[in-house]
Amino acid sequence: MKILLILPLLAGISGICATGELPKYQAGGICFRMDDNQNPQKWQDVAAVFNRHKLKLCASLNIRRMGKPHFEMLKRLQLEGHEVMDHSPLHCVTKIKFAPGKTAKDYQDLPGVDHIVDNNVYLSYVMPTPGDCKIRLKVRLAKDTLTLIDKPDGKIARELRNARVLYIPAEKRVLQLSRTRNPLEYKLKSIWDEKNVNEKVHEVEACFLRDRNFSMTPEAIELLGRNALDLFASIGAKRPYTWIQPGGGVSSVSSDLAANVLGKRLGYKSAATYINKSLKVFREYNPNGTCAFGMMWGNFDEEKHDLKWNKTRIADLVALHHVAIGHSHMHPKDGWDKYLQRLDQLLAWCVAEKIPVRTQAEWADLLYSSAANSKDNDFDVFPSLKIDRDGNGCPDGFQLKRASWDSQTQIITGLRRGEMFAVKNLAGLYKGKNRLTFSVDTATGCQIKVSISFPKTNNPALKKTFSLQKGGDGKCTWDFDIPANASLADFSWQLMNDGKCKISKISLRKK
């Protein structure tokens, strides 16, 4: 028994598993997330496809908008090992309804409550400040209608398309905006979506805010999460550990707010938020410890794109040590049967190519837990020249420019002067000293410039030119530092003259 336990450990220490794959906590992978309350039969159909391949999906649900058939479906998904996520009880962050067995007395004196009407609890928000106002315009208010007095220029008009909240500084009031067919006119509701706005006719200066610039209070977000937990408990379901930001509302939650409230106060392990969203990559720069709460979806889309497109997206992201989360509302344009067939083929391919498919909670733990990040084994970070999982004639993670690739010899051949190839958004980076090595075979002698930059940071780019003589050694080595705040790196190989060269055996390791 001891031997069985020791062998995997030794494989991890060497940096390569017995199968030739990267250690599980370092290799990239994918997650399938489906949103909103679909027909229970749809969930049954999709779950059957995943169960056939012994893989798990993520169901992002609005539990307060569900009935008994949905409750049974939800619990069945949990029993089968799929992750059921909290997508907010009512698909919004501004209000909740009483949990079973509770009355107005249970809510009326709680922090985070603005007011209560019938069984609706309207949550408190953070009043905007003048500093939040980037767009200020003169407007006319009348009943439930706002009219722009002056026609905005093109740039402001484009920004207004994303405005969801009206803030009137002089009156310390906020209202919800909705566009009409008239570009100079908006309809008004309360911030909680109540149809009770009845403005006296007057003109005033107003600020137009996006949902990302309007926040609910921490106490309101805590009530929102507690309401969901109460509802899950009331139907005998397991509690959710992942919270998903609902789209289309007037307010967005930041990863910091989700981590500090939903995480620390309520025990959630992960979230998907648009503000300060994470990169979902291994060894990500995470100074505040909030990256697990910014794991937004949208990296591939099995609903809107064909099988080939999805394979290429997934293959490249996995090679670059990213975790990709899918994007589906289960409304395919080409029909439900074709969607299920495409999903089945995609999952079969993932299994055949040994691409890890896990739930978001599992990925959050692997990416960001202290235990996972303490495993700092030395392994080759650079994508392999041997692997083309999607079969598109290009090694996964590479962008061929003025070059060709031979899958049999695993060699890239420069075709002419200029950029030969690039590897962009490479993750899994070891901070500090690193060594890049590659081999060059040249029949004429050549000059190659390698450039390295670090996206989303202010760190300067690094450049080094290698001059290779005909019949020379051909092994190139470059020692350099990867900054502590770098989560990604872009690499580029450029042929500086008209020489001919073949490049192979590219490696990036901790020094």
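Let's start with a pair of strands. Strand S18 (residues 403–406) and S19 run antiparallel, joined by 4 bridges. Two strands count as paired if DSSP finds at least two bridges between them. Helices (H or I, at least four residues) and strands (E, at least two) are DSSP runs, numbered from the N terminus.

Some ground rules. Residues are numbered from 1 along each chain as its sequence is written, and side-chain values use heavy atoms, with hydrogens and water left out. This is a predicted model, where local features need pLDDT of at least 70 and side-chain atom pairs count only at pLDDT 80 or more, while totals for chains, interfaces and linings use all residues.

Back to the hairpin. There are 4 residues between S18 and S19. Among the hairpin's residues, Gln410 takes a positive phi near 55°. Ser404 has Thr413 of S19 as its bridge partner.

What does S19 do with strand S26 (residues 502–510)? The two pair in the antiparallel sense, over 2 bridges. Here Thr413 stands opposite Lys502 in S26. So Thr413 turns up twice: opposite Ser404, and opposite Lys502. In general, strands of a sheet pair through backbone hydrogen bonds, either parallel or antiparallel.

Now the side chains of S19. In a regular strand the side chains alternate between the two faces of the sheet. Strand S19 (residues 411–414) shows this alternation. Ile412 and Gly414 point to one face and are buried. Buried means under 20% relative accessible area, exposed means over 50%, and partly exposed is in between, with a 1.4 Å probe and protein chains only. Ile411 and Thr413 point to the other face and are not buried.

Stay with S26 for a moment. Ile506 sits in that strand. Is Ile506 buried or exposed? Buried, with a relative accessible area of 8%. Its contacts, not counting residues up to four places away in sequence, are Asp380, Phe382, Leu385, Phe398, Phe421, Leu436, Thr437, Phe438 and Trp493. Contact means heavy atoms within 4.5 Å. For scale, Ile506 and Gly428 are 78 residues apart in sequence and 16 Å apart in space, C-alpha to C-alpha.

Next, a sheet. It is open, has 5 strands, and the order is S17-S20-S25-S22-S23, with antiparallel pairing. Which are the edge strands? Strand S17 (399–400) and strand S23 (462–468), each pairing on one side only. Strand S22 (residues 446–453) pairs with S23 over 7 bridges, in the antiparallel sense. One position to look at: Cys446 has Leu468 of S23 as its bridge partner.

On to another buried residue. Phe208 lies in strand S13 (residues 199–210). Its relative accessibility is 4%, so Phe208 counts as buried. Phe208 touches Ile135, Leu137, Val139, Leu146, Leu148, Leu160, Ala163, Val165, Leu166, Leu177 and Tyr186, again leaving out residues up to four places away in sequence. Phe208 and Ile149 are 59 residues apart in sequence, and 14 Å apart in space, C-alpha to C-alpha.

Now helices. Two packed helices are described by the angle between their axes and the distance between the axes. Helix H5 (residues 218–234) and helix H6 (residues 255–263) pack at about 55°, with axes 9 Å apart. Axes are lines fitted to C-alpha atoms, for helices over the stretch in contact, and angles run from 0 to 180 degrees between N-to-C directions. H5 and H6 are therefore oblique to each other. The cut-offs: under 35 degrees is roughly parallel, over 145 roughly antiparallel, 65 to 115 roughly perpendicular, and the rest oblique.

H5 passes H6 in a right-handed crossing. A crossing is right-handed if the near helix is turned clockwise from the far one by less than a right angle, and left-handed if anticlockwise. H5 brings Pro218, Ile221, Glu222 and Gly225 to the contact, and H6 brings Leu257, Val261 and Leu262. By class, that is 5 nonpolar, 1 polar and 1 charged. Nonpolar covers Ala, Val, Leu, Ile, Met, Phe, Trp, Tyr, Cys and Pro; charged covers Asp, Glu, Lys and Arg; the others, Gly among them, are polar.

Last, two residues with positive phi. Asp193 is not a glycine, yet its phi is about 75°. Asp193 is in the loop between strand S12 (185–189) and S13, and is partly exposed at 35% relative accessible area. Arg283 has a phi near 55°. Arg283 is in the loop between strand S15 (270–272) and H7, and counts as buried at 15% relative accessibility.
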